[in-house]
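Visitor: I would like a close look at one part of this model, the strands and how they pair. Please add whatever else helps to place them.

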Amino acid sequence: MRKLFYGDNLQILREHIADESVDLIYLDPPFNSKRDYNLLFKTPKGHESDAQITAFEDTWHWGGQAQDEFRELMKCKNTDVSQMMEALRAFLGENDMMAYLTMMANRLLEMHRVLKPTGSLYLHCDPTASHYLKIVLDGVFGKENFVNEIVWRRTTTKNDYKQGAVNWPRVHDVILLYHASTAKAREAGRFSQPFSPYNEEHIETFYNFKDPDGRRYRLSDLTAPGQGSRGHPQYEFLGVTRYWRYNEEKMMKLHAEGHIEFRPNGEVPRLKVFLEDAPGVAIGDVWTDIRGMINLGTEMLGYPTQKPVALLERIIAASSNVGDVVLDPFCGCGTALDAAQKLKRNWIGIDITHLAVSLIEKRLKNRYPELAKKGAFTIEGVPQDFAGARDLAERDKHQFQLWACALVNVQPYRGGKKGADQGIDGMGFIEVAKGKTEKVLVSVKGGEHIGASMVRDLKGTVEREKAAVGLFVTLTPPTKPMLTEAASAGHYESPHHGAFPR
């Protein structure tokens with residue numbers, strides 16, 4: 001366990017995760033919101049604007065891949081899904097929303113396969129597609145296994161009306177909860193109800209009695225509802241005959257422990273419920289007590305769709321036990337994995353960008369020293385040796401560049417977006433004095449045909465950008481002319497560590 005996968009989650013679910021092996025799935029997939037989400041990296045003070053990296057394009061288009069995945073759905077064993085998706089296609093047409101739902105349906109089928117019969121799935125979405133996703137989930141899991149629609153208030157109300165808005169301010173996300181089998185989840189007791197503390201007004205109003213030792217309590221009815229029609233016992237207790245909620249043995253035990261109040265003036269004995277024994281207010285399906293990612297200090301990573309750890313802790317603590325397996329197939333910046341590690345669960349994460357995988361690796365190692373040890377967790381699909389690096393470069397040059405930048409701990413230049421990069425693939429900063437930094441420029445070449453001209457280009461870029469150092473990363477060993485060209489750049493004099501080849 002504790003595995004982080006790089007790649008398409010559909011392929012990874014099919015090839016690497018066994019049937020009925022996961023206890024809890026949380027997913028926060030793209031919402032098809034028609035915009036790119038950018039990951040912001042903070043640059044030292046004094047430099048230009050923050051570098052931006054497109055973490056993922058939150059847009060899906062109907063094309064060849066959507067057609068292929070839709071054909072798969074028409075052949076799947078779950079004929080309810082096939083019929084439902086065909087009906088949605090007839091209603092929506094072959095558009096971006098249909099492509100998005102097709103992508104989600106195929107992956108949800110695989111998630112249902114890997115989920116244990118007692119397991120649960122939480123799908124985090126927003127009103128853009130939540131109504132359609134619920135239809136898809138009903139087809140995959142069965143409408144009888146729908147459990148909750150949870151509303152999470154993620155932000156405070158905005159004054160959109162000042163800009164002419166004609167809508168109520170949008171402040172919430174939706175989380176849909178399904179069981180693989182509600183009957184088996186209930187049988188196994190796979191839910192731990194969370195509580196929030198009582199406020200002072202509630203305590204003053206309801207816990208308005210005090211014992212001689214100062215303990216607050218309230219009084220609760222001990223008589224049985226329905227006057228015995230529900231099978232409750234009838235007997236005499238403390239001189240009062242009634243149908244009681246508990247059998248005589250338990251009533252005597254409560255009395256001996258001081259949990260029953262009885263004044264012999266004709267009153268019926270009542271149960272003393274002490275404030276210290278009360279769990280608090282049961283949390284329902286509207287969550288307003290966990291704020292979004294505003295002013296959360298060191299928890300904020302700058303990832304656009306990041307969720308607070310407290311939100312994931314609530315979900316994981318309520319629907320899994322210590323040692324259970326938690327899966328996040330769209331793990332982004334890794335908040336679910338962070339919470340799972342904190343709560344002593346095993347975890348599996350999947351993401352399709354090296355950027356996210358690299359960010360998660362750093363996050364987990366920084367927060368949990370035990371994960372910094374060799375073999376504490378594994379990363380699959382990311383190059384671990386030379387052959388893996390070459391394979392990635394051949395398959396996806398752009399992802400190879402992003403991976404290489406993460407390898408040497410620099411930011412991909414200008415968001416790592418494809419296109420003109422002015423000869424720069426990555427940029428880092430070194431501190432030369434308090435409040436003063438200098439740039440390190442990185443050029444990545446994954447091909448076989450490299451030469452001195454490429455080093456010469458990097459040297460010119462370093463001079464043009466007034467950078468301190470240029471770093472050339474390549475799969476091919478440098479030739480003698482390349483080494484000569486690099487040497488001609490001279491040295492960078494570090495104020496702390498002496499001279500380095502520039």
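Guide: This is a predicted model. A convenient place to begin is strand β6, which is joined to strand β16 (residues 286-287) by 2 bridges, the two running parallel. Within that pairing, Val151 has Val286 of β16 as its bridge partner. Strand β6, residues 146-153, is also joined to strand β7, residues 172-179, this time by 7 bridges and in the antiparallel sense. One of the pairs there is Asn148 with Leu177, the latter in β7. β6 therefore has a parallel pairing with β16 under the criterion of at least two bridges between strands.

Next comes an open sheet of 4 strands, whose order is β9-β10-β14-β13 and whose pairing is antiparallel. Its edges are β9 (209-210) and β13 (260-261), each of which pairs on one side only. Inside the sheet, strand β10, covering residues 216-221, pairs with strand β14, covering residues 270-274, through 5 bridges in the antiparallel sense. Leu219 is matched there with Lys272, its bridge partner in β14.

Further along the chain is a hairpin made by β24 and β25, with 3 residues between the two strands. Strand β24 spans residues 491-494 and strand β25 spans residues 498-501; 4 bridges join them, and they run antiparallel. In this hairpin Glu493 stands opposite Ala499 of β25.

One more strand is of interest for its surface. Strand β23 consists of residues 469-474 and contains Leu471. Together with Leu407 and Val408, Leu471 makes a nonpolar surface patch of about 230 Å². Why can Leu471 count towards a patch? Patch residues must have over 30% relative accessible area, and Leu471 qualifies because its value is 32%, which makes it partly exposed.

For contrast with the strands, consider a helix. Helix α4 runs over residues 96-114, 19 residues in all, and its first and last C-alpha atoms are 28 Å apart, close to the 27 Å expected at 1.5 Å a residue. Of its 19 residues, 16 are buried, so that α4 is mostly covered. At the start of α4, Asn95 places a side-chain oxygen within 3.3 Å of the backbone nitrogen of Met97.

Key: Residues numbered from 1 in each chain as written. Predicted model: local features only at pLDDT ≥ 70, side-chain atom pairs only at ≥ 80, totals over all residues. Heavy atoms only, no water. Patch = residues over 30% accessible without salt bridge, like charges linked within 9 Å, V, L, I, M, F, W, Y side chains within 5 Å. Areas by Shrake-Rupley, 256 points an atom, 1.4 Å probe, with all protein chains shown as cover. Salt bridge = Lys/Arg side-chain N within 4 Å of Asp/Glu carboxyl O. Buried < 20%, exposed > 50% of the residue type's maximum accessible area, 1.4 Å probe, protein only. Expected span 1.5 Å × (residues − 1). Polar contact = N/O pair within 3.5 Å; in protein donor to acceptor, adjacent residues only side chain to side chain.
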